[in-house]
Amino acid sequence: MSEQNNLENNLSPQTRVVAGGRPAHVENAPVNPPITMSSTFYQLGSSDINTYARFSNDSWDGLEAVIADLEGATLPGLVFASGMAAIAAVQDLVPVGSTILMPAHTYMASVTLAKNLEARGIAKLVRLDLENTESVIAELEAAAAERGTTPENVNYAAPKVLLWMESPTNPMLEVGDLPAILSAAKRLGIVSAVDNTFATPLGQQPLTLGADVVVHSATKSIAGHSDVLLGIAVTSHEVLRAAMHAHRTTNGAIAGPFEAWLGLRGVRTMALRVKQASDSALVLARRLSEHPAVRAVRYPGLESDPGYERAAAQMNLFGSVLSITLDADAAQTDEVVKALKIWTPATSLGGVESLVERRRRHGAEPHSIPESLLRLSVGIEDVEDLYADLTRALSVLGK
Ligand SMILES: Cc1ncc(COP(=O)(O)O)c(C=O)c1O
């Protein structure tokens, strides 16, 4: 690991995104970490560091340090080739005869991974009604009783019960009571993971709310420019970090040095971007909830949203994503999307440009997601231009 510039504890996140993950202040050292384009390293001895670029690479260090710092982890993060590679490094740890619990609405590829583990006879998959905390805790208790987990016998390298959390969920924007759910998991010896992609490390810090590991699709708000795929996992448990590191090294889903550098470059402006996008998302959520063509809006920062109180208690920023359900069928909703000029119809989120997607166009999305639901990822354009484009496109519905 390359030597880092250590930060004082009392700095705000806006400062940490800029000052974190930089090389140590050494005379004539570069201000930004260099990109190390080498697959192997000169080595006569047998040290674990800088042996081969699948094991470790200086180019990952800055990003791994700054995200761990923002999430409140005591160990450096682990950068992966994509969010899914980070997610696989956690889910794949479950042993034969285990249980994975995840909300009914969870990012579809995370569900596919868990379903694959189930199909191979490794894990049982239990789906959760995230907004109903009592029922979530009852499911946790049932899984812990079935698998015999206790806080004394928890195995972070091979969890018998893994709680997979997403809050807010993709694409329904439901909010779970993270402190209550995560503390129940801890009490029951259940290892908990939170996909914090929607909230970003600036909006929510699940480790401080009781999670054991946090994963991100750093492709989204962390890198922030829709030009790179990256993932990151952070934990303060040595054993869990070592197991994920071994998974990365053996499975080989490593980030390229240039991609990691782009990720860190994105982090430098993350506070500005996420704040701007969150502010605009709230303006749009408020206005769209009054629009005659819109049947429902979900945004955790909207005072009338069912998740608002929980979100206000556990989030610092409400994020750049909202969903709207139109008073329309699938074909009419597609016509609205086609009529947009500033919003780009594309999957993904968290970039500087605003994206829109009718989620049910994906066959893998469950039928509980309405056909006319649009997921809006708000960028950093002028909110008045974004709203004008939406109202003009919605007018194709005659409302
Ligand atoms: C919430 C969430 N988690 C994980 C992922 C997967 O990340 P990646 O596309 O970087 O593999 C996505 C991608 O859309 C996502 O929205």
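**Close-up 1. Glu303, a partly exposed residue in a loop.** With a relative accessible area of 45%, Glu303 counts as partly exposed in this predicted model, because anything from 20% to 50% falls in between buried and exposed. You'll find Glu303 in the loop that runs between strand S8 (294-298) and helix H11. Setting aside residues up to four places away in sequence, Glu303 touches Arg286 and Tyr308. Leu282 sits 21 residues from Glu303 along the chain, and the C-alpha atoms of these two are separated by 9.7 Å.

**Close-up 2. Helix H10 and its buried residues.** H10 takes in residues 270-288. How far should its 19 residues span at 1.5 Å a residue? The answer is 27 Å, and the end C-alpha atoms of H10 are 26 Å apart, so the two agree. Quite a few residues of H10 are buried, among them Met270, Ala271, Arg273, Val274, Ala277 and Ser278. Further along H10, the buried list also includes Ser280, Ala281, Leu282, Leu284, Ala285 and Leu288.

**Close-up 3. H10 packing against helix H13.** Here H10 meets H13 (residues 383-394) at an angle of about 35°, and the two axes lie 10 Å apart. The crossing of H10 past H13 is right-handed. Which residues make the contact? From H10 come Ser280, Val283, Leu284, Arg287 and Leu288, and from H13 come Val383, Glu384, Leu386, Tyr387, Leu390 and Leu394. Sorted by class, that contact has eight nonpolar residues, one polar and two charged.

**Close-up 4. Helix H3 packing against helix H4.** H3 (residues 83-91) and H4 (residues 108-119) pack with their axes 10 Å apart, at an angle of about 35°. H3 goes past H4 in a right-handed crossing. On the H3 side, the contact is made by Met84, Ile87, Ala88 and Gln91. H4 brings Ala109, Ser110, Leu113, Ala114 and Leu117 to it. By class, the contact of H3 with H4 holds seven nonpolar residues, two polar ones and no charged ones.

**Close-up 5. Helix H5, with its buried residues along one face.** H5 is made of 15 residues, 133-147, and its first and last C-alpha atoms are 21 Å apart, close to the 21 Å expected at 1.5 Å a residue. Its buried residues are Thr133, Val136, Ile137, Leu140, Ala143, Ala144 and Arg147. Why do they line one face of the helix? Look down the axis of H5 and the buried residues fall within an arc of 120°, so one face is what they line. Some background helps with the spacing: an α-helix has 3.6 residues a turn, so residues three or four places apart point the same way. On the other side of H5, Glu134 and Ala145 are exposed.

**Close-up 6. What surrounds H5.** Which elements do the buried residues of H5 pack against? Three are strands, S2 (98-103), S3 (123-128) and S4 (161-166), and the others are helices H6 (178-187) and H11 (308-314). After H5 comes Gly148, which has a positive phi, near 70°.

**Close-up 7. Lys341, an exposed loop residue.** Lys341 belongs to the loop between helix H12 (330-339) and strand S10 (344-345). Is Lys341 buried or exposed? Its relative accessible area is 68%, which means exposed, since the cut-off for that is over 50%. Apart from its neighbours within four places in sequence, Lys341 is in contact with Asp389 and Arg392. Asp177 is 164 residues from Lys341 in sequence, and in space the two are 37 Å apart, C-alpha to C-alpha.

Definitions and conventions. Residues numbered from 1 in each chain as written. Predicted model: local features only at pLDDT ≥ 70, side-chain atom pairs only at ≥ 80, totals over all residues. Heavy atoms only, no water. Helix = DSSP H or I, 4+ residues; strand = E, 2+ residues; numbered from the N terminus. Expected span 1.5 Å × (residues − 1). Buried < 20%, exposed > 50% of the residue type's maximum accessible area, 1.4 Å probe, protein only. Arc of directions from axis to C-beta. Contact = heavy atoms within 4.5 Å. Axes fitted to C-alpha atoms, helices over the stretch in contact; angles between N-to-C directions. Left-handed = near helix turned anticlockwise from the far one by under 90°. Nonpolar A, V, L, I, M, F, W, Y, C, P; charged D, E, K, R; others polar.
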